[in-house]
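Open your viewer, load the model and get your selection tool ready. We will go from one stop to the next, with a note on what to pick each time.

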Amino acid sequence: TGSAQITASAGSKSDVCNVTVSLPDVSSITISKTNLYLESGQQQVLTATVVPSNASNKTITWSSDNKKVATVDTSGQITAVASGTAKITAQAGGKQASCTVIVTTPVQSISIPAEFTAELGKTYPVEPTIKPSNADDKSFTVKVSDSSVLAVNGTSVMAKKAGTATITVTTPNGKSDTCFVTVGGEAELTLIKKPSKTTYYIGDS
């Protein structure tokens with residue numbers, strides 16, 4: 001940028017033209033991604049490109065329309081905060097471009113007791129601990145190692161036969177844990193008829 005004075009002369013006559021040179025205005029701005037998928041807590045840097053490269057005002061301003069979901073700093077670094085959608089905008093010289101950021105909160109862990117003793121014939125709900133508590137999808141599947149010992153009904157198991165088996169719980173994103181289950185046998189009842197009575201007693205001697 002700058003200015004110059006152009007003089008034209010012919011004989012005793014002359015004329016002057018003052019010329020001012022300035023950089024061009026911003027014609028467009030683009031962002032390296034138009035859609036970005038992050039998990040809560042993750043970070044990623046977006047890059048904005050201003051055209052032309054010698055534009056007069058190439059200073060880029062970043063903003064987020066939903067800071068509860070994702071924030072952005074002055075260098076274009078995105079930080080995913082919580083599940084949801086946010087629009088990140090880059091502005092320069094009156095032009096702007098945006099990127100849609102979609103944030104998810106996945107399950108980090110699922111756990112059940114390492115061991116459990118079940119009574120024959122009883123049904124037990126499988127209630128794992130899933131972290132974080134605000135995970136988007138806290139569903140899980142239940143599988144057993146021996147279906148003759150334990151029967152699966154949705155997220156519950158029934159003790160069918162005395163023996164041992166394992167229960168494995170698995171989330172859609174592959175987190176899992178296992179419990180070793182021992183199923184006890186049927187209680188043995190001793191029925192003895194006393195000579196002077198007609199009543200049967202359980203465990204009498």
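Start with Leu46, Trp62, Ile78 and Val101: these residues have the most contacts inside the largest nonpolar core, which has 23 residues. To see where the core comes from, colour strands β3 (28-31), β4 (35-39), β6 (48-51), β8 (70-72), β9 (77-80), β10 and β11 (95-104); each of them supplies at least two of its residues. Keep in mind that this is a predicted model.

Next, centre on Leu46. Apart from neighbours within four places in sequence, Leu46 is in contact with Ile31, Ser32, Lys33, Leu36, Trp62, Ser75, Gly76, Ile78, Ile88 and Cys99. Trp62 and Ile78, both in that list, are also among the core residues with the most contacts.

From Leu46, step across to Trp62 and show the side chains of strand β7 (residues 61-64). Which residues point to which face here? Trp62 and Ser64 point to one face and are buried, whereas Thr61 and Ser63 point to the other and are not buried. In a regular strand, side chains alternate between the two faces of the sheet.

Now add strand β10, which spans residues 84-92 and holds Thr89. Strands β7 and β10 run antiparallel and are joined by 4 bridges. Select Ser63 and look across to β10: Thr89 stands opposite.

Stay on Thr89 for a moment. Is Thr89 buried or exposed? Its relative accessibility is 9%, so Thr89 counts as buried, the cut-off being under 20%. Leaving out neighbours within four places in sequence, its contacts are Thr61, Trp62, Ser63, Gln96, Ala97 and Ser98.

Then move to another part of the model for the pocket. Select Ile112, Pro113, Phe116, Tyr124, Pro125, Val126, Glu127, Pro128, Val157, Ile167 and Cys179, which line the largest pocket. The space in this pocket is about 200 Å³. Its lining has 10 nonpolar residues, no polar ones and 1 charged residue.

Finally, zoom out to the whole protein chain. How many helices and strands does the chain have? There are 0 helices and 22 strands. Of its 205 residues, 24% count as buried. If you build a contact map, take contacts between residues at least 6 apart in sequence: 48% of these join residues at least 24 apart.

Technical notes:
Residues are numbered from 1 along each chain as its sequence is written. This is a predicted model: local features need pLDDT of at least 70, side-chain atom pairs count only at pLDDT 80 or more; totals for chains, interfaces and linings use all residues. Side-chain values use heavy atoms; hydrogens and water are left out. On a 1 Å grid over the protein atoms alone, a cavity is a set of points where a 1.4 Å probe fits but cannot get out, and a pocket is an open set with protein on both sides within 12 Å along at least five of seven lines; lining residues have an atom within 4 Å of a point. Grid points are joined across faces, edges and corners, and a volume is the space filled by probe spheres set on the points. Ala, Val, Leu, Ile, Met, Phe, Trp, Tyr, Cys and Pro count as nonpolar, Asp, Glu, Lys and Arg as charged, and the others, Gly among them, as polar. Buried means under 20% relative accessible area, exposed over 50%, partly exposed in between (1.4 Å probe, protein chains only). Contact means heavy atoms within 4.5 Å. Two strands pair if DSSP finds at least two bridges between them. A nonpolar core is a set of buried Ala, Val, Leu, Ile, Met, Phe, Trp, Tyr and Cys residues joined through side-chain atoms within 4.5 Å.
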